[in-house]
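Good morning, and thank you for coming. Today's subject is a single chain, and I would ask you to keep its sequence and structure in view while I speak.

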Amino acid sequence: MPELYVLPPFRKKGIAKQLCEEACRQLNKMGYDRIQLNVFEGNHAKQLYRKLGFRDIYTTMELKGKI
């Protein structure tokens with residue numbers, strides 16, 4: 001599963017938006033009509049993904065510690 005991310009020193013410069021838009025264009029050219037992201041709760045990139053049109057479709061829940 002490919003991963004795409006921007007290293008901390010290069011964040012807040014619009015690079016992630018450009019990368020996501022280009023990745024979407026390339027995947028569309030390849031015939032894909034759906035893209036899914038795995039994003040952890042608290043990941044600030046969720047705001048960007050929502051601006052790009054992604055939406056939440058499911059929630060994963062976790063219980064830690066003694067059960």
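In which helix is the place of Lys 46? Lys 46 belongs to helix α2, which covers residues 45-51. Helices here are DSSP runs of H or I of at least four residues, strands are runs of E of at least two, and both are numbered from the N terminus.

Before I continue, a word on the source. This is a predicted model, in which local features need pLDDT of at least 70 and side-chain atom pairs count only at pLDDT 80 or more, while totals for chains, interfaces and linings use all residues. Residues are numbered from 1 along each chain as its sequence is written, and side-chain values use heavy atoms, with hydrogens and water left out.

Let me stay with Lys 46. Is Lys 46 buried or exposed? Lys 46 counts as buried because its relative accessible area is 17%; buried means under 20%, exposed over 50%, and partly exposed in between, with a 1.4 Å probe and protein chains only. Setting aside neighbours within four places in sequence, Lys 46 is in contact (heavy atoms within 4.5 Å) with Val 39, Phe 40, Glu 41 and Asp 56. With Glu 41, the side chain of Lys 46 forms a salt bridge at 3.7 Å, N to O. The term denotes a side-chain nitrogen of Lys or Arg within 4 Å of a carboxyl oxygen of Asp or Glu. Glu 41, in contrast to its buried partner, is exposed, at 74% relative accessibility.

How many salt bridges does the structure hold? There are 4, and I shall describe two others, beginning with Glu 21 and Lys 17, whose side chains meet at 3.9 Å, N to O. Both residues lie in helix α1, 4 residues apart, about one turn of the helix. Glu 21 is partly exposed at 29%, and Lys 17 is likewise partly exposed at 43%.

The side chains of Glu 22 and Arg 25 form another salt bridge, at 2.9 Å, N to O. Because they are 3 residues apart in helix α1, about one helical turn separates Glu 22 and Arg 25. An α-helix has 3.6 residues a turn, so residues three or four places apart point the same way. Glu 22 has a relative accessibility of 33% and counts as partly exposed; Arg 25, at 45%, is also partly exposed.

As for helix α1 itself, its 15 residues should span 21 Å at 1.5 Å a residue, and its end C-alpha atoms are indeed 21 Å apart. The expected span is 1.5 Å times one less than the number of residues. After α1 comes Gly 31, with a positive phi near 100 degrees.

Turning to the segment before α1 (15-29), we find Leu 7, which is partly exposed at 48% relative accessibility. In the segment after α2 lies Leu 63, which is exposed at 65%. The C-alpha atoms of Leu 63 and Gln 47 are 25 Å apart, with their positions 16 residues apart along the chain.

Finally, the chain as a whole. Its secondary structure comes to 2 helices and 0 strands. The radius of gyration is 14 Å, well over the 11 Å that the globule rule gives for 67 residues, so the chain is more spread out than a compact globule. That radius is taken over C-alpha atoms, and the rule is 2.2 Å times the number of residues to the power 0.38. Of the 67 residues, 9% count as buried.
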